[in-house]
Amino acid sequence: MATSLGSNTYNRQNWEDADFPILCQTCLGENPYIRMTKEKYGKECKICARPFTVFRWCPGTRMRFKKTEVCQTCSKMKNVCQTCLLDLEYGLPIQVRDTGLSVKDEVPKSDVNKEYYTQNMEREIANSDGTRPVGQLGKAPSSSDMLLKLARTTPYYKRNRPHICSFWVKGECKRGEECPYRHEKPTDPDDPLADQNIKDRYYGINDPVADKLLKRASTMPRLDPPDDKSISTLYIGGLGDTVTDGELKSHFYQFGEIRTITIVQRQQCAFIQFATRQAAEMAAEKSFNKLIINGRRLTVKWGRSQAARGKEGIKEGVSEMGTRLDPVPGLPGALPPPPALDEEAPANYFNLDPGTAPSVINITLPPPPGINPPPPGFGPPMFHPMAHMAPPMPPPMSMRPPGQIHYPSQDPQRMGAHAAHGSRHGE
C-alpha cells in the first residue's frame, strides 16, 4: 500500500471505515438475502490510493464474487457505484452522463493535487445532507432528455456472470461442470469493449462503452424546430377516442399560453397552437417520444405553414401533415396520358375510323314557331352529294316521336359504332 498503517497519525485519520457499501441494484444482485464479508482497510482505492473498507459478496447463483473497487469518497464525488463505477441514477458511464448534463469535472491525477482535492470534497460531503451529489455534478441540471432515453430502467444481472475459463478455451479445463468459470467462446479480441480500464471509466476518457452509447444517442430520432419562426403549432397524433381537449390542455399549459386546441376526430389528431414560438419549442422538446396520456403514446410533430400545405397538397397520396396515405381499395386506376398528337395529323375527336370516308352533314335548324317550312325540293339540300355513301342520318329533332330525346353527342355513328348501327338496320 502507498501508506502503511503506522506511517503517521494524519494519514490514518483519512482512512475509510464504512459499515455498508454504495452499490447499484445490478451489482447487489437479485437475491434479497446475501452474505457479505467486510475487511477493514483491506485494499487501496484504485483512484485516490487510500486504504478503505472492502466488501465482498456473491450476487446470485452461478454468478462471480464481486467486491468494492473504490472508496466511498470517490464514489460520492462522482455519484457512482463502488464496484461498476456506473452512475447510480441512470446506470450509464460517467462520460455519457457528463456529456448529457454538460458537466466538465476534471479530477486531478497527480498525488498532491489529488489529495488536496479529495480533502476539499470530503469537507463538502460532510456539510451536505447526502441527498445530492457534490462538486460540479451538484450544480448541473437535474435531468437530460438524452440520458432519459439511454438510461437503463431495469437491472442488468447478466453483467455479474463469471469470466470465461481460459483453460477451457485452450482445451485443458479438467473441472467440467464444477468449474466456476464460463465455458463459452470468447469475443473478438479486436472488439473495443474487450479492453476497459477502471481509471479511464472514472475520469470519463477513452471509455469504449461510453463511445458506443454516444453513437447510439447520435442516431436516435429527434424533433428539430422548423426554420419558419411563424410556426407555433404542434401536431398531436394517435389520440384515439379517449383523449379529450381538456387532457391535452392540462399537459401542455405548463409550457406556455395556449391560443387554440383543435381536435380532428376523424383523423384522431389535434393541433395545439401556442401564443409564442418559445413555448411551442419547449413543449416539443419536453414531449417528443415521451407523451403518454391515458396509457396511449402520442405522436408529437411540428405543424406546417400555409405555403407548405399548398405545396404538399399538389403531391398525390400525401396528407396535410406530410404522411403517406394508404390507397383505398376498389377505386379505378389513373387514366393513361393522352397520346402525343402530331402537328400535321388531323385531330380525330370522335374516334372515327380513318379508312372510311367522312360524311359531311348539313343539318338545317327547324324554323321558328309561326313560320311554315318550305315545300320539299325548294329548300336547301340537307345532305351532301356524297351522303349516299354514308349511312342514313337520324331524323331531325322536330320529326322524332314525342318522348324520345336524342342528342348529337349520343349519335352512335359519331361515336364510331358502325357495326352496331348496321346490325340494327339489318334487323
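Is C173 buried, partly exposed or exposed? In this predicted model, C173 has a relative accessible area of 24% and is therefore partly exposed, since the partly exposed class lies between the cut-offs of 20% and 50%. The residue sits in the loop between α7 (166-170) and α8, and, once neighbours within four places in sequence are left aside, C173 is in contact with C165, F167, W168, C179 and H183. For one of these partners, H183, which is 10 residues away along the chain, the C-alpha atoms are separated by 9.2 Å.

## The protein as a whole

The secondary structure of the protein comprises 13 helices and nine strands. The chain has 427 residues, of which 30% count as buried. When contacts between residues at least 6 apart in sequence are considered, 57% of them join residues that are at least 24 apart.

## Two helices

Helix α5 covers residues 111-127, a run of 17 residues, and the span from its first C-alpha to its last is 25 Å, close to the 24 Å expected at 1.5 Å a residue. The buried residues of this helix are K114, Y117, T118, M121 and I125. Seen down the axis of α5, these buried residues fall within an arc of 105°, so they line one face of the helix. An α-helix has 3.6 residues a turn, so residues three or four places apart point the same way. The buried residues of α5 pack against α3 (72-78) and α8 (198-203), whereas V112, Y116, A126 and N127 are exposed on the other side of α5.

Helix α4, residues 94-101, gives another picture. Seven of its eight residues are buried, so α4 is largely enclosed by the rest of the structure. The buried residues of α4 are I94, Q95, V96, R97, D98, G100 and L101, and what covers them includes α3, α6 (145-150), α8 and α9. After α4 comes S102, which has a positive phi, near 55°.

## The largest pocket

The largest pocket holds about 1,700 Å³ of space. It is lined by 43 residues, and those closest to its centre are R159, L193, Q196, R201 and V209. The elements that contribute two or more residues to this lining are β3 (66-67), α8 and α9 (208-218), and α9 provides the largest share, with four residues. By class, the lining of the largest pocket divides into 18 nonpolar, six polar and 19 charged residues.

## Strands, loops and single residues

Which residues does F55 touch beyond its neighbours within four places in sequence? F55 lies in strand β2, residues 51-57, and is in contact with A18, D19, F20, P21, M36, T37, K38, K66, K67 and T68. With a relative accessibility of 2%, F55 counts as buried, because it falls under the cut-off of 20%. One of its partners, P21, is 34 residues away along the chain, and the C-alpha atoms of F55 and P21 are separated by 6.9 Å.

E69 is found in the loop between β3 and α3, and at a relative accessible area of 13% this residue is buried. Not counting residues up to four places away in sequence, E69 touches E44, C45, K46, F52, Q82, T83 and I198. Between E69 and F55, which are 14 residues apart along the chain, the separation of the C-alpha atoms is 9.1 Å.

Two further residues have a positive phi although neither is a glycine: for Y41 the angle is about 55°, and for A49 it is near 60°. Y41 has its place in strand β1, residues 36-44, while A49 is in the loop between β1 and β2.

The relative accessibility of the single residues described above is set out here.

| Residue | Relative accessible area | Class |
|---|---|---|
| F55 | 2% | buried |
| E69 | 13% | buried |
| C173 | 24% | partly exposed |
| Y41 | 26% | partly exposed |
| A49 | 29% | partly exposed |

Terms used: Residues numbered from 1 in each chain as written. Predicted model: local features only at pLDDT ≥ 70, side-chain atom pairs only at ≥ 80, totals over all residues. Heavy atoms only, no water. Expected span 1.5 Å × (residues − 1). Buried < 20%, exposed > 50% of the residue type's maximum accessible area, 1.4 Å probe, protein only. Arc of directions from axis to C-beta. Contact = heavy atoms within 4.5 Å. 1 Å grid on protein atoms, 1.4 Å probe; cavity = no way out; pocket = protein on both sides within 12 Å on 5 of 7 lines; lining within 4 Å. Points joined across faces, edges and corners; volume = space filled by probe spheres on them. Nonpolar A, V, L, I, M, F, W, Y, C, P; charged D, E, K, R; others polar.
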